[in-house]
Amino acid sequence: MPAKDLETIVSLAKRRGFVFPAAELYGGFANTYDYGPLGVELKRNIREAWWRSMVRERDDVVGLDAALITHPRVWVASGHVATFHDPLADCKKCRMRWRVDHIAEGQYGEPKRNAAGELLCPNDGGELTEPRMFNLMFKTQVGTIADDENIAYLPPETAQGIFINFENVVASMRRKLPFGIAQSRVSFRNEITPGKFIFRTLEFEQMEMEYFCFPPADRANPEEYLALHREWIDYRLAWYRDTLGIDASRLRIRYHDKEELSHYSAGTADIEYDFPWGWGELEGIAARTDFDLTAHGNESGKPITYFDEDSKQHIVPWVIEPAAGLTRTLAVCMLEAYSEEPDEKGEDRVVLKFKPNIAPIKVAVLPLSKNEALRPAARRVYELIRPVYMTQYDETQSIGRRYRRQDEIGTPLCVTVDFQTVGENGVAGDDAVTVRDRDSQEQIRVPIANLLNVLRDRLPGC
Ligand code: GAP
């Protein structure tokens with residue numbers, strides 16, 4: 001059962017240290033969020049799962065971490081300076097600013113229109129100003145003189161850093177086609193989007209890969225290229241389902257129709273999730289042809305090519321691009337993991353049923369009480385587990401409340417040290433602990449000597 005509404009997750013995210021609205025101290029900062037101690041772990045784990053599937057477990061993909069502050073001509077070549085625009089309009093009554101395309105798509109409910117059929121403000125039905133095209137890139141300046149010569153842009157995507165390093169990677173890593181270059185890092189877009197938590201923010205993290213392949217034999221009918229595109233769509237969909245544990249019924253593939261396709265694209269499919277407000281994009285998988293390498297070759301005056309040993313020709317590779325949103329995926333993992341169900345005593349409990357590989361804390365070590373006699377053994381167990389798994393030690397409040405707290409942050413296993421472990425009233429301890437499973441609430445007794453083996457079995461992929 002996923003969360004019924006976004007508010008439930010927004011509140012839990014703040015209460016339990018996953019995601020905080022940014023700069024609340026100063027009244028907040030629109031569309032900007034801070035990731036708390038558990039959010040940063042969850043984000044690292046999702047990125048790590050992606051990196052494992054896209055780089056570590058594949059022979060044909062390598063990683064990259066290109067500079068954020070990028071030469072301005074990169075964004076001229078990519079088309080972002082000329083075309084990366086949104087149509088914006090202001091309400092003449094309430095002054096709220098809107099993306100006209102989002103109003104028309106019904107993202108704020110059934111669009112309101114006046115008698116002439118013109119769109120009206122979704123907030124109060126006020127008249128809107130004429131839409132103006134607004135570039136989404138954040139400008140900055142390099143050096144001390146603020147003139148047009150010194151403009152630089154913060155990257156609105158990670159992809160261009162990959163294209164401009166294509167030849168460096170081929171030369172330094174002796175790569176042969178087909179192969180990919182993967183990169184995950186922050187991107188920036190000056191977005192106007194009221195609400196929806198971390199779905200659309202000013203700065204966000206992406207996980208992108210550019211897969212370079214031979215140009216198709218027939219450019220007008222690139223069958224083998226489109227087959228490769230479909231292979232990547234299947235591969236990425238399986239990752240959300242099998243690695244992150246997202247229910248298949250809330251995932252779908254949506255192919256862009258002709259009008260929606262970018263001029264250079266031979267096909268784009270989005271992987272979408274069924275958010276509480278409807279279907280929304282998680283990842284775009286674009287068949288970008290040779291557009292980007294050609295564009296950078298033209299803009300720089302230095303053609304970017306690959307030398308094919310077999311045909312003894314320089315060619316411009318074609319590209320498939322699976323481009324995912326890390327922070328958006330984090331929101332989906334929280335929505336998806338959320339569950340309300342009875343605990344051992346039949347009382348309500350909230351559980352985040354993360355798959356163990358993405359859970360921020362893998363194991364909690366909980367002495368039964370604050371009693372001094374339990375502490376040395378509990379600390380010993382903690383020190384045993386800590387080097388292997390992200391572990392939390394907690395001895396405050398009743399054991400039942402501590403279980404609830406760990407359930408609510410999605411910790412798969414709790415290890416309890418009690419008087420049976422350490423012995424009491426002259427009876428020797430058994431040097432064993434209780435391991436409690438988050439989902440089944442089953443408890444088993446495990447000798448400390450065998451504890452790491454049991455944890456390893458119960459924490460696959462961690
Ligand atoms: N290089 C291609 C590219 O950037 P995109 O569809 O614009 O494609 C890829 O972005 C993914 O990045 C999206 O599917 C989404 O998950 C995420 N994303 C894009 N803009 C975002 C924003 N403002 N806030 C959060 N995530 C965003």
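Start the tour at Arg436, which stands opposite Gln443 in strand 25. This is a predicted model, so take the views below as views of a prediction.

**Stop 1: the hairpin**

Keep Arg436 on screen and widen the selection to residues 432–437, which make up strand 24. Add strand 25, residues 443–447, and you will see the two run antiparallel, joined by 5 bridges. Together strand 24 and strand 25 form a hairpin, with 5 residues between them. Click on Gln441 in the turn: its phi is positive, about 60°.

**Stop 2: the whole chain**

Now zoom out. The protein chain has 462 residues, and buried ones make up 50% of them. Colour by secondary structure and you will find 14 helices and 25 strands. Along the principal axes, the C-alpha atoms fill a box of roughly 85 × 65 × 50 Å. Switch on a surface if you like: the accessible surface of the chain comes to about 22,100 Å², and carbon and sulfur atoms own 51% of it. Among the contacts with a separation of 6 or more, 66% are between residues 24 or more positions apart.

**Stop 3: the ligand**

Next, select the ligand and its surroundings. Which residues are closest? Of the 20 residues that surround the ligand, the closest are Glu157, Arg189, Glu191, Glu208 and Glu281. By type, the shell divides into 10 charged, 6 nonpolar and 4 polar residues. Show strand 10 (203–213), strand 13 (278–289) and strand 16 (318–325), each of which supplies at least two residues of the shell. Strand 13 gives the most, with 5 residues.

Three distances are worth displaying here. A polar side-chain atom of Glu191 lies 2.8 Å from a nitrogen atom of the ligand. For Glu321, an N or O atom in the side chain is 3.0 Å from a nitrogen atom of the ligand. At Gly325 the partner is a polar backbone atom, 3.2 Å from an oxygen atom of the ligand. On its own the ligand has 550 Å² of accessible area, and the protein covers 90% of that.

Stay with Glu191 for a moment. You will find Glu191 in the loop between strand 9 (179–188) and strand 10. Is Glu191 buried or exposed? Its relative accessible area is 5%, so Glu191 counts as buried. Leaving out residues up to four places away in sequence, Glu191 touches Asn31, Asp86, Arg99, Leu136, Arg200, Thr201 and Leu202.

**Stop 4: Val365**

Select Val365 in strand 19, residues 363–367. Val365 is buried because its relative accessibility is 0%. Its C-alpha atom is separated by 4.8 Å from that of Val415, although the two residues are 50 apart along the chain. Beyond four places in sequence, the residues that Val365 touches include Ala378, Ile385, Tyr393 and Val415.

**Stop 5: backbone geometry**

Most residues other than glycine have a negative phi, and most peptide bonds are trans. The last selections depart from that pattern.

- Leu177 and Pro178 are joined by a cis peptide bond, with omega about -5°. Pro178 sits in the loop between helix 7 (166–173) and strand 9.
- Arg174 has a positive phi, near 50°. Look for Arg174 in the loop between helix 7 and strand 9, where it is exposed at 73% relative accessible area.
- Gln397 also has a positive phi, about 60°. Gln397 lies in the loop between strand 20 (391–393) and helix 12 (399–409), and its 42% relative accessibility makes it partly exposed.

Key. Residues are numbered from 1 along each chain as its sequence is written. This is a predicted model: local features need pLDDT of at least 70, side-chain atom pairs count only at pLDDT 80 or more; totals for chains, interfaces and linings use all residues. Side-chain values use heavy atoms; hydrogens and water are left out. Two strands pair if DSSP finds at least two bridges between them. Helices (H or I, at least four residues) and strands (E, at least two) are DSSP runs, numbered from the N terminus. A residue is near a molecule or strand if one of its heavy atoms lies within 4 Å of it. A polar contact is a pair of N or O atoms within 3.5 Å; within protein, one must be able to donate a hydrogen and the other to accept it, and residues adjacent in sequence count only if both atoms are side-chain atoms. Accessible areas come from the Shrake-Rupley method with a 1.4 Å probe; for residues, only the protein chains shown count as cover. Ala, Val, Leu, Ile, Met, Phe, Trp, Tyr, Cys and Pro count as nonpolar, Asp, Glu, Lys and Arg as charged, and the others, Gly among them, as polar. Buried means under 20% relative accessible area, exposed over 50%, partly exposed in between (1.4 Å probe, protein chains only). Contact means heavy atoms within 4.5 Å.
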